[in-house]
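Q: Could you take me through one part of this model up close? I'd like a plain walk along it, from one end to the other.

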Amino acid sequence: LAFASLTTGSNARGDLGRSMGMRVVGLFQVVLTINSELKILSKTATVGGLIFDKIMIMDRKHKIKDKIVAICRWGYDKVSRTASQIQEDMQQEARVT
């Protein structure tokens, strides 16, 4: 919604938003073309599936899944704490001005 309102402006910000949108669409089209020629997505899914199978076999012995879940939980907590700190800083800054 914010991006749509940015691109409708008839000023420098609107020009910037429109050109950014064109770049994103162009990049997306290039990615789709590369994927259609090389079939990267299906190959990546196959390799990912094989890696996942090997990890699940090793998981029985080494409890890898628990470690991965702990790392992901730690990363999520870190990101959410940082986001909440940024929001608090922005709210405090808005109160000051």
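Which helix does Phe3 lie in? And what do you find when you follow the chain on from there?

A: Phe3 lies in helix H1, which covers residues 2–7. Keep in mind that this is a predicted model. With a relative accessible area of 43%, Phe3 is partly exposed, because that label runs from 20% to 50%. Phe3 also belongs to a nonpolar patch on the surface, together with Leu6, Leu16 and Met20. Taken together, these four residues have about 360 Å² of accessible area. The patch is shared between two helices: H1 and H2 each supply at least two of its residues.

That brings us to H2, which runs over 12–38. Right at its start there's a nice little contact to look at: a side-chain oxygen of Asn11 comes to within 3.3 Å of the backbone nitrogen of Arg13. From there H2 goes on for 27 residues, and its first and last C-alpha atoms are 39 Å apart. At 1.5 Å a residue you'd expect 39 Å, so the two are close. While you're in H2, have a look at the glycines: Gly14, Gly17 and Gly21 are buried. As for what the buried residues of H2 pack against, the partner is H1. So H1 and H2 meet in two ways here, since the buried residues of H2 pack against H1, and both helices feed the nonpolar patch.

Just after H2 comes Lys39, with a positive phi of about 55°. That's worth a second look, because most residues other than glycine have a negative phi. Lys39 sits in the loop between H2 and helix H3, the latter spanning 40–62. Its relative accessible area is 47%, so Lys39 counts as partly exposed.

Next is H3 itself. Its 23 residues should span 33 Å at 1.5 Å a residue, and the end C-alpha atoms are 31 Å apart, so the helix agrees with what's expected.

After H3 you reach Lys63, and here too phi is positive, near 55°. Lys63 isn't a glycine either. You'll find Lys63 in the loop between H3 and helix H4, which takes up 64–96. Lys63 is partly exposed, because its relative accessibility is 48%.

Methods: Residues are numbered from 1 along each chain as its sequence is written. This is a predicted model: local features need pLDDT of at least 70, side-chain atom pairs count only at pLDDT 80 or more; totals for chains, interfaces and linings use all residues. Side-chain values use heavy atoms; hydrogens and water are left out. Helices (H or I, at least four residues) and strands (E, at least two) are DSSP runs, numbered from the N terminus. Buried means under 20% relative accessible area, exposed over 50%, partly exposed in between (1.4 Å probe, protein chains only). Patches are made of residues with over 30% relative accessible area and no salt bridge: like charges are joined within 9 Å, nonpolar side chains (Val, Leu, Ile, Met, Phe, Trp, Tyr) within 5 Å. Accessible areas come from the Shrake-Rupley method with a 1.4 Å probe; for residues, only the protein chains shown count as cover. A salt bridge is a side-chain nitrogen of Lys or Arg within 4 Å of a carboxyl oxygen of Asp or Glu. Contact means heavy atoms within 4.5 Å. A polar contact is a pair of N or O atoms within 3.5 Å; within protein, one must be able to donate a hydrogen and the other to accept it, and residues adjacent in sequence count only if both atoms are side-chain atoms.
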